[in-house]
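Work through the exercises below with the structure open beside you. Each task is followed by a solution in steps.

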Amino acid sequence: MEETIKFQLNGKKTEALIDPTQTLLWVLRNHFGLTGTKFGCGMGFCGSCTVLIDNEPVRSCQLSVGEAAGKNVVTIEGLATNGKLHPVQKAFVEHDALQCGFCTPGMIMNATGLLLKNPSPSTLEINNGMENNLCRCGAHLRIIEAVQTASKEMKGGK
Amino acid sequence: MKEEQIKNQDHQHNDKPHGMERRDFFKILGGGIFIFFRPWKAIDLFGLPAEQGRSLPKDYNAFLRIAEDGTVTCFTGKIEMGQGIITSLPQMMADELNVPVEKVKMVMGDTDLCPYDQGTWGSMSTRVFGPYMRAAAAEARGVLVDLASTQLGVPVSQLEIRDGIITDTKNPKNSVSYAQLTKGKKIEKFLDVKPAVEDYTKFTYVGKSYKRSDAVLKVTGEAKYTGDLTLPGMVFARILRPPSHGAKLTSVDYSGAEKITGTKVVREGDLIAVINENRDKADEAIAKIKAEYSFNELPVNDKTIFEWMLKADSSVKVLRSNGDLETGRKLSDKVFESEFHDPYLAHTAIETHTAFARLEGDKMTVWASTQSPFGLRDDIVRELRFPAEKVRVITPFVGGGFGGKGESQQGIEAAKLAKLTGKPVMLAWTRDEEFFYDTFHPAGVVKIKSGIDKSGLIKFWDYNLYYSGSRGSDTLYDVPNSKTTHYDQKNGASPVHPLATGAWRAPNNNTNTFARESQIDIMAAAAGIDPLEFRLKNLKDENLIACLKAVADKFGYVAGKSPSGRGIGIALGSDAGAWVAHMAEVKVDKNSGKVQVVRIACAQNMGLCVNPEGATIQMEGCIMMGLGYTLTEEVLFEGGNIQNRGFDSYTIPHFSWLPKIDTVILERKDKPPQGGGEPAIIGIGAVVANAIFNATGARLFRLPMTPARVLEALKKV
């Protein structure tokens, strides 16, 4: 059953001898110890497990590790470079755009994917892009503001 | 018999402090200054369940430490679940000890290291726990100043403290730091005094905005929640669950599960679980168990529940009464009778109930997402018959609670499985389990009869509350004849609530504020008076009047009779010692019945505000979360079967719902701090209902105000 699955993980070539039908979420968490990617519902409805695959936000609970083979996977742990926070992470801190923090990694990954595709989204486009990432604490207002700030910084406009 | 054994067991340990022995405690922590105290009042203990009362430490417990490097550590049984006390409690400590706020560290929710605490709920951390914590800090400061006086050879009155350095005011070169003073020392002080009333105006850190101190950990994925922990040899567990509450297992066949690679089935009585090193395999295995059940469920569902409650044989208690209702009725020109319905609600924290348990020798350690680490410890002591000092509960970051993690069944389950398997067991409930085993916000009915005279003054108020809690049921308005009656579960009668119920952010106040403020609005409209003016006319409470005026100002309110077509609503209320008022603007699509909340303003008076930024975030969170119970959230059930068990069928607020939010915190530096994590949620149902009425003339008596219910109400206009 086990196969060698190769993919790019947080900028590094990675391979694992693993059952390819396993969920990417649990492989990231338990095989690679990348626990920043959270289990929130396991059904793709909450977005806490969002990672980037080839720069697209994807719900890692809905994907098998086999499907990630050959692709470029980035998790929350892979965003900061040389200890420097990614502009989206930095903006979340600046805006206090989190409370319990459990949905935060998924929010940040989803927002990063959104900004990669559309570097200067309107408020409505941010709303639409974040729509299906759930936050129960109600940090929505600050998350939108953080994404706006990050968008400015990533364009170098700030 | 069982009860007797527990008592005996407890008696044996009666004369010892529960949790860690103090000498062990010192071994872990090293030297420094320790202030011990009891952060609870004797009187509070009467309200505790018996087993909790019995397991309270008979000794003082460590609370505050100034280490040999000058760092201040606050040990508290409170936990951080997003509400921000990890940031605001250090502000209070920093002020009392005159140290930079960054020097204050928190150790939270560890039952071996922290003083006993009932739980983190009811907006109690700042207003109840805070004063005790500050008193201990003041005691520590006293010790430090005495030491400095000796060391520097000058009287205490000649010393000044700044940023953890004590200086001789007559010779600034003559100074000593906390670190120098505590080096190589081990000083214990036992605090037995009530905290003194503070002068809240003198603070440096308190009252200033601080950003979350845990933010960097949380944006990088480094913050550890219970499910993120690992230990060698650990396994994941999944538990066999009944299809509905009240179902009894009649037969089970787990041969299919055992065929899944690496799976072991464990059973103790009704607890049947699969364990596997791989979570996916555990998920696969649990689905292979074939089980049959017998059903004996209450013949009630989410539609019939209200009638069910009104018909039940209830205990009847008059909570408040003044004047005479009949006199008030005679003085009334118009009389109003309404019935309001509120459904069961789920908490749906994004982190499901999670626990990680390890049995090492005879010591059980359970890491859990819980709002009550000591409550969970006591549960494990009771259920597993462990001595209290052999159970340690540790609380990592908690991914949201909202009242739902006051009960921690998952912690008991994980502990049992760790004992049965001998392995560290990780149990993270599925979303389905989270909905099924939630302790829901209780459904309830409120019936109000009230009357106004020709001038629009309220003459009587007859408030009847069924099976919801009484928090927030105060009349608040200045009414000469009023009565508040609570119909609730009768002792010995079969349970009226078919589902488990518990605290849900500002427990029951949402229900009561929805009913009261809707009824006030109904009367204002019938009197032909602007709803703001009507409220001001009938209020005497200065705090509520100030909140109303502040919110009207922020909102830019223009007076007008309701309905006006403008879609503007008002509501006010009180919770956790604080006062709030809301205004909202809505748009109602009369074809679909869909309501969009365009903007909400909220003014809150919470006494001294420790961290205005933190408090503002809580208010914004309350407003956004409140839109859920207002517009969509409702647990659907038939008998004991919960029908909506996922985010696809139980809809919580999404980004597209976000209204423009304006918040005002009324400055009250002269008043003690009150609760800030809950008050701003209580008026959302009412303010939106009143705005819908203002927009359309349709009155909603039932939460949530779904498009179907709005359409139904529009038909009656």
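**Exercise 1.** Decide whether B:Ser321 is buried, partly exposed or exposed in this predicted model, and place the residue in its secondary structure.

Solution.
- Step 1. Count the C-beta neighbours of B:Ser321 inside 10 Å: there are 13.
- Step 2. Apply the cut-offs: a residue is buried at 20 or more and exposed at 12 or fewer, with partly exposed in between. B:Ser321 therefore counts as partly exposed.
- Step 3. Find the element: B:Ser321 belongs to strand 14 of chain B.
- Step 4. Look across the sequence: B:Asn481 is 160 residues away along the chain, yet the two C-alpha atoms are 7.6 Å apart.

**Exercise 2.** Describe the sheet of chain B that contains strand 14.

Solution.
- Step 1. Write the order of the five strands, which is 14-22-21-20-15; the sheet is open and its pairing is mixed.
- Step 2. Identify the edges: strand 14 (315-322) and strand 15 (334-342) of chain B each pair on one side only.
- Step 3. Give the twist, which averages 10° from one strand to the next.
- Step 4. Take one pair inside the sheet. Strand 20 (residues 444-452) and strand 21 (residues 458-466) of chain B are antiparallel and share eight bridges. Within this pair, B:Val445 is opposite B:Tyr466 of strand 21.
- Step 5. Add the helix. Helix 15 (residues 509-527) of chain B packs on the sheet and touches strand 15, strand 20 and strand 21. The helix direction makes about 150° with that of strand 15 of chain B.

**Exercise 3.** Is B:Thr263 buried or exposed, and which residues does B:Thr263 touch?

Solution.
- Step 1. Locate B:Thr263 in the loop between helix 8 (255-258) and strand 11 (264-268) of chain B.
- Step 2. Count neighbours: B:Thr263 has 23 C-beta neighbours inside 10 Å, so the residue counts as buried.
- Step 3. List the contacts, setting aside residues up to four places away in sequence: B:Ala257, B:Glu258, B:Val274, B:Asn276, B:Lys281 and B:Ala285.
- Step 4. Check one C-alpha distance: B:Ile275 is 12 residues from B:Thr263 along the chain, and the separation is 5.7 Å.

**Exercise 4.** Work out the seven-stranded sheet of chain B and the helices that pack on it.

Solution.
- Step 1. Set down the order 11-12-9-19-16-17-18; this sheet is open, with mixed pairing.
- Step 2. Explain the edges. Strand 11 and strand 18 (391-394) of chain B have a single partner strand each, so one side of each has no neighbour in the sheet.
- Step 3. Note the average twist of 25° from one strand to the next.
- Step 4. Examine one pair: strand 17 (residues 363-368) and strand 18 of chain B run parallel and are joined by four bridges. B:Met364 stands opposite B:Val391 in strand 18.
- Step 5. Place the helices. Helix 9 of chain B lies across strand 9 (235-239) and strand 12 (271-276), at about 140° to strand 12. Helix 13 (residues 409-421) of chain B touches several strands of the sheet, including strand 16 (354-360), and makes about 35° with the direction of strand 16.

**Exercise 5.** Characterise the contact between chain A and chain B from the side of chain B.

Solution.
- Step 1. State the numbers: 45 residues come from chain B and 42 residues from chain A.
- Step 2. Name the helices of chain B that each supply at least two residues: helix 7 (215-220), helix 9 (279-286) and helix 18 (612-631).
- Step 3. Pick the main contributor, helix 18 of chain B, which gives the most, with eight residues.
- Step 4. Sort the chain B side by class: 21 nonpolar, 12 polar and 12 charged residues.

**Exercise 6.** Which two domains make up chain A, and how do they meet?

Solution.
- Step 1. Divide the chain into domain 1 (3-78) and domain 2 (87-154).
- Step 2. Give the distance between their C-alpha centres, 21 Å.
- Step 3. Count the contact: 15 residues of domain 1 and 13 residues of domain 2 of chain A take part.
- Step 4. Name the elements on the domain 1 side that give two or more residues: strand 3 (50-53) and strand 4 (56-59) of chain A. Strand 3 has the largest share, three residues.

Terms used: Residues are numbered from 1 along each chain as its sequence is written. Chains are lettered from A and ligands numbered from 1 in the order in which they are written. This is a predicted model: local features need pLDDT of at least 70, side-chain atom pairs count only at pLDDT 80 or more; totals for chains, interfaces and linings use all residues. Two strands pair if DSSP finds at least two bridges between them. Axes are lines fitted to C-alpha atoms, for helices over the stretch in contact, and angles run from 0 to 180 degrees between N-to-C directions. Ala, Val, Leu, Ile, Met, Phe, Trp, Tyr, Cys and Pro count as nonpolar, Asp, Glu, Lys and Arg as charged, and the others, Gly among them, as polar. Domain bounds come from an automatic or database domain assignment.
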